[in-house]
Amino acid sequence: MRIKEVIKDKGMTVSSLAEKMGIKQESLSRAINGNPTLETIDKIACHLGVEVWELFTESPGESEISGFIKAKGVIYEIKSRQDIENLLKNLG
């Protein structure tokens, strides 16, 4: 994920983003450096003013997205920005 890059690109710090989100900087750092939930990823994107896919790649097609996300006890394979958007819609 590129969360730290996007934070920097937006002229922010992890600390300032955490403040904007209303959470402790330590909590946000753990999420960014660990395995954040879909809900956390969605909140980060929202507070940064970007689409969720932008936290994974710079633009559609520039790099491959590949991974698995476990949500509500189910493991989903993610291969594209569209997979992430569909998953968020289905879980929302």
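In this predicted model, helices α2 and α4 are roughly perpendicular to each other. This description follows because the two helices pack at an angle of about 100 degrees, and angles of 65 to 115 degrees count as roughly perpendicular. The axes of α2 and α4 lie 10 Å apart. On the α2 side, the contact is made by L17, K20 and M21; on the α4 side, K43, I44, H47 and L48 take part. Sorted by class, the residues of this contact comprise 4 nonpolar, 1 polar and 2 charged.

Helix α2, which spans residues 14–21, also packs against helix α3, formed by residues 25–33. Two packed helices are described by the angle between their axes and the distance between the axes. For α2 and α3, the angle is about 110 degrees and the axes are 8 Å apart. This pair is therefore also roughly perpendicular, and the crossing of α2 and α3 is right-handed. From α2, the residues V14, S15, L17, A18 and M21 make the contact, while α3 contributes Q25, L28, S29 and I32. The contact of α2 with α3 contains 6 nonpolar and 3 polar residues, with no charged residues. Residues L17 and M21 of α2 thus appear in the contact with α3 and in the contact with α4.

Attention may now turn to the largest pocket, which holds about 380 Å³ of space. Its lining consists of 18 residues, of which N35, I41, F56, F68 and I69 are the closest to the centre of the pocket. Helix α4, residues 38–48, and strand β1, residues 67–71, each supply at least two residues of the lining. The largest share comes from β1, with 5 residues. By class, the lining of the largest pocket divides into 11 nonpolar, 5 polar and 2 charged residues. Helix α4 therefore has two roles in this account, since α4 packs roughly perpendicular to α2 and supplies residues to the lining of the largest pocket.

Strand β1 can be examined further through one of its residues, G67. When neighbours within four places in sequence are left aside, G67 is in contact with Y76, E77 and I78. Residue T37, by comparison, is 30 residues from G67 in sequence, and the C-alpha atoms of G67 and T37 are 14 Å apart in space.

Definitions and conventions: Residues are numbered from 1 along each chain as its sequence is written. This is a predicted model: local features need pLDDT of at least 70, side-chain atom pairs count only at pLDDT 80 or more; totals for chains, interfaces and linings use all residues. Side-chain values use heavy atoms; hydrogens and water are left out. Axes are lines fitted to C-alpha atoms, for helices over the stretch in contact, and angles run from 0 to 180 degrees between N-to-C directions. Helices (H or I, at least four residues) and strands (E, at least two) are DSSP runs, numbered from the N terminus. Angles under 35 degrees count as roughly parallel, over 145 as roughly antiparallel, 65 to 115 as roughly perpendicular and the rest as oblique. A crossing is left-handed if the near helix is turned anticlockwise from the far one by less than a right angle, and right-handed if clockwise. Contact means heavy atoms within 4.5 Å. Ala, Val, Leu, Ile, Met, Phe, Trp, Tyr, Cys and Pro count as nonpolar, Asp, Glu, Lys and Arg as charged, and the others, Gly among them, as polar. On a 1 Å grid over the protein atoms alone, a cavity is a set of points where a 1.4 Å probe fits but cannot get out, and a pocket is an open set with protein on both sides within 12 Å along at least five of seven lines; lining residues have an atom within 4 Å of a point. Grid points are joined across faces, edges and corners, and a volume is the space filled by probe spheres set on the points.
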